[in-house]
Amino acid sequence: MSQSERFQFGRFDLPSGEIPSVEEVYEAIDGEWQTRKEEEDETGETRVFQERGRTGYLSDTHSEYEFCSFYYGSDTENSIVVRDGDEEVEISQRELVLPRVLYFGNGMFAFESLEDLIKHWVPQFIAEKTDTSITPDDYFFYNTFSQDMMRDFYDRWDTVTVFKFGSPNGESAFEGDSPLATALNELAEDVSNQQFSGGQPGNNLKGADIVENAAENMQILKLHGSRDEELRQIILSSGTFQAAWSETDWPEDAGTGRRSEEIRQRLLPVLQRLD
């Protein structure tokens, strides 16, 4: 059985001695609710937004990128409205967001990208739980991936089944005067991006002249691809990476640790290029 999760990435920008260790973060994940913020609603009632970390896992045996993982749960601005007879009663939905978080010993962190999750909650929660004093200037997010990194992934993967590209500054970038190159250069003047797909079941686009040309000269916006026998991964230049793994041969009692290790392994090429 295959699974996938989409991640975004960030990092604490602190002196090395002030970055929380993976052990500190793991030990702080106690499953207890704490208040994230309080605010008054339009009726003057105080609304309390809570958060917690649970299901912690520590892996400190790696020589590179030791990490801990946990689930971060938080109230959001949303709520559920249920009908009780003829009246509507507003009920707060606790844990409406529950992303997986991986925190690494060098201060980098990866978190599952979910609707309603405000990404600042993740580093602020880690800092709060480990008594680390931070300001918004003490952490940052990788909101884009460089073109060098996107091309690295294109080169790294043996198979690419989706290739989305954009024209740099609307300029013609396809070499040659073939009808196809001419048509794509004209298209680049009118639209911001174009996508090639291998269709179903996903033919390999690598090696096609026009794709190789685009990888060399255009802005790579999205890739679907894989290496060796891996499942298809997805990377977007907007700063997200979708990791996929198979649980087909796992024992029935495989827990959070096995899954976290598999995800770390899938994220490792991204971490290495961002570090």
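Three short exercises with worked solutions follow.

This is a predicted model: local features need pLDDT of at least 70, side-chain atom pairs count only at pLDDT 80 or more, and totals for chains, interfaces and linings use all residues. Residues are numbered from 1 along each chain as its sequence is written, and side-chain values use heavy atoms, with hydrogens and water left out.

**Exercise 1.** Find the residues that touch the most other members of the largest nonpolar core.

Solution. Start with the term: a nonpolar core is a set of buried Ala, Val, Leu, Ile, Met, Phe, Trp, Tyr and Cys residues joined through side-chain atoms within 4.5 Å. Buried means under 20% relative accessible area, exposed over 50%, partly exposed in between (1.4 Å probe, protein chains only). The largest core has 38 residues. Phe-9, Phe-145, Phe-163, Leu-223, Ile-235, Phe-241 and Leu-267 touch the most other members. Helix H6 (residues 256-274) gives the most, with 6 residues. Helices (H or I, at least four residues) and strands (E, at least two) are DSSP runs, numbered from the N terminus. Another core, of 21 residues, lies apart and includes Leu-14 and Phe-111.

**Exercise 2.** List contacts of Phe-241, leaving aside neighbours within four places in sequence.

Solution. Contact means heavy atoms within 4.5 Å. The partners of Phe-241 include Phe-9, Ile-235 and Leu-267. Glu-5, Arg-6 and Arg-266 are also among them.

**Exercise 3.** Place Thr-55 and Asp-131, then check phi for Thr-55 and Asp-131.

Solution. Thr-55 lies in strand S3 (residues 46-59). Its phi is positive, near 55°. Thr-55 is partly exposed, at 33% relative accessible area. Asp-131 sits in the loop between helix H2 (121-129) and strand S9 (139-141). Phi of Asp-131 is positive, about 55°. Asp-131 is exposed, at 74% relative accessibility.
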